[in-house]
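Visitor: Before we start, could you walk me through this model and tell me what stands behind each term you use?
Guide: Gladly; here it is.

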Amino acid sequence: MTTTVTPPPAAAGSLTAEQVERFGAEMDAIRERMLAARGKSDADYIRRVIRTQRRLEMTGRGLLWAGWFPPAWLAGTAALSISKILDNMEIGHNVMHGQYEWTNDPKLSGKQFEWDTACPADQWRHSHNYMHHTYTNIVGKDRDIGYGVLRMSEEQPWRPYYLGNPVWAALLATFFQYGVALHDLEVERLVAGEVPVAEKRGMLKGIWRKVRRQTLKDYAIFPALSGPLFIFPLAGNATANLARNLWAFTIIFCGHFPEGTHEFEEEQTEDESRGEWYYRQLLGSANLSGSRLFHILSGNLSFQIEHHLFPDLPANRYAEISVEVREACERYGIPYNVGPLRKQFGSVVKKICRLALPR
Amino acid sequence: MCDEPTFDVTTFDVTLICVMPATLAPRHPGTRLLDTIAGPHGIDAYLEQIHPLLTTERRAEVVAASRDAEDSVTLTLRPNRAWKGHEAGQFVQVTVEIDGVLHRRCYSPASGEGRRGELEITVKRHPGGLVSGFLNDHAGPGLVLGLSGAEGEFRLPSRRPDPILLIAGGSGVTPLMAMLRTLFAEGHRGTVAMLQYAPSPAAAIYREELEGMARRHPNFHLARSYTRAPGAGELDGRFSPLHLPQSEPCFAAAETFACGPPELLDAVRGTWANGLEQRLHVESFVPPDLAVAGGPGEGTVRLLDSGLELENSGASLLEQAEQAGLRPEYGCRMGICHTCTCRKVSGVHKNLITGEVSSAPGEEIQICVSTALGDLALEL
């Protein structure tokens, strides 16, 4: 009942090679149409989200300054939580993909953007934009499979360490921003001695600098501004960081691990054609259904399928693109994995627990 | 650079010098601590929520727009506190948002020198010009523009020379106007002459103000040539050495400042040969929207940061840079990850996946899937 579909080779699934290429050509056509259509409304949208995030952050920090007053603490913490979620997901993640680079706006430049989380933006761009998006769901290459600490695929050989899978997952969710910060470092390879520490020195320095700045800001400077009442903003900031961590973990783990998503092996994807690449992205991703607000708060990663097909198209377009992609999937008989959050996350939790045991 | 090495030439190619992103503009050192607190977005991200001009980044608001001369608009800008003034003759980079996209262009303020005062720029409409067209059609009070600091070596020496000769072609009159206004505001007593070239009286920028100046200041001599309206001005036709003796003082003795299109400047340079070069200062105004597309394997690819010039092979820009021995950052090499994105300063590029061709300067492009059509300059 809870068995995952074992991955068929991307090109040798239910479609013929020719069908895969035709499907790819249809995806290319959607992409070109969207590139031609993107413009003022997309730029206005992302600037509006940024404006909202900045104002929420100012409001949140202002209210937490007076956090001894319980309603102010609650409202401030909520505002700051949403601010951090918007900053990381709808703004940071999408801007750093270069989705809004065509605006020539340094503030929307993928390469110049820095976000309100522990992970240095440049390292994220490497581990996420390049590694994860190019080698999506290829076991051994895509480090998003388990983040180096979890067993999220049957292809990962079981070790007794993985008995703690649910515990490690809970810890990763709680401290998710640090998990992401260490993502590109490949800690487990450092520990195993596969990579010399010297090689990673620059990276470690970058992480340390960013973590220090973030920690100073949230846990020293802003609390200090409240003087003897520092505990209120301190607790509010910690809560906001926690809320963002749990939310980001939940959404991100629903992107590739719900039941029905496929994993791939390196050999299957050698000399992949463009059509096969699209097909693999589609089979490896899952969507979440929900309201417009839910999609914005999830950084439109609720349209994980569309995001993986078109990682650099403006995320605010994914909703309209999804209608076409879904229709194409129906025509080709390709499974389109979508469900509400509780269903998709439920199946992720089941998988985390199931893979704790050898099999 | 090699053809006329002795000239004191400050020629700039507008599309070439607009390379400094606004975020790299020098910032007040006192804001650095604030930036740590306001990190990672910086204090301006929050200040601009209160008022767009409250930033530590230079910005200006349009307070007036007048359209006196045909096909040009004169904007009066009120810069914010970050603006530190300019010297007469210098230029600024102005950033304007059009349909969500930021565009940067260079303009020489026509206003006189001043630390914090209002700034005046005049924008002539170029045929097909996106920014000049937008500003001519839509700029009005309330529009907020990005601003760089004043730049450029084309400026009045602080010890004001005497006599002075100014040669203006089209919108090239603007930096010279800044010089005139500065000189007369200072009560300059020396002799100043100006030759102005424009298609017609109606298209002559600052015509009335210049005529007023000539009436008020007996030491200012103004001569105009309207190239498409013979007989309407004091002179006729394009620049020729014959135009010079008719204006006082003798050009050979004057410190000369010339600004206009390249053809005018070439003619002027030809006249100022034989040891007079040191007295000639020129600034070229090249419309940036007119990058010309060449063939896929034609022209030169210039990598500005590494100082390389490559013969365009028609391969992707990433491959060409690698063949030249550079190791640019890259990831997927298929146009997905944006790791290799670079700023194209000028030139026409083609996206090898979509086939899209674009000539806009200052664009961020993915060099793994872009090739040059003709000459192209890249920040790499």
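Visitor: What makes the largest nonpolar core a core, and which residues have the most contacts inside it?
Guide: A nonpolar core is a set of buried Ala, Val, Leu, Ile, Met, Phe, Trp, Tyr and Cys residues joined through C-beta atoms within 7 Å, where buried requires 20 or more other C-beta atoms within 10 Å of the residue's own, C-beta atoms being placed from the backbone (12 or fewer is exposed, and in between is partly exposed). The largest such set has 62 residues, and those with the most contacts inside it are B:Ile121, B:Leu166, B:Ala168, B:Leu176, B:Met179, B:Met194 and B:Ala258. Its largest share, 7 residues, comes from helix H5 (residues 173-185) of chain B, a helix being a DSSP run of H or I with at least four residues, a strand a run of E with at least two, both numbered from the N terminus.

Visitor: Why is this core said to lie between two domains?
Guide: Domain 1 (14-147) and domain 2 (164-288) of chain B both give residues to the core, so it lies between them; the bounds come from an automatic or database domain assignment.

Visitor: How reliable are these statements, and how is the numbering done?
Guide: This is a predicted model, in which local features need pLDDT of at least 70 and side-chain atom pairs count only at pLDDT 80 or more, while totals for chains, interfaces and linings use all residues. Residues are numbered from 1 along each chain as its sequence is written, and chains are lettered from A and ligands numbered from 1 in the order in which they are written.

Visitor: What makes S4 and S5 of chain B edge strands?
Guide: Two strands pair if DSSP finds at least two bridges between them, and S4 and strand S5 (119-124) of chain B each pair on one side only. They belong to an open sheet of 6 strands with antiparallel pairing, in the order S4-S3-S6-S1-S2-S5 (chain B).

Visitor: How do you know that S1 and S6 of chain B are paired?
Guide: Strand S1 (residues 59-66) and strand S6 (residues 144-147) of chain B run antiparallel and are joined by 3 bridges, which satisfies the requirement of at least two. B:Glu61 stands opposite B:Val144 in S6(B).

Visitor: What counts as contact between the chains, and how many residues take part?
Guide: Two residues are in contact if their C-beta atoms, placed from the backbone, lie within 7 Å, and by that criterion 25 residues of chain B are in contact with 36 residues of chain A. H3(B) gives the most to the chain B side, with 3 residues.
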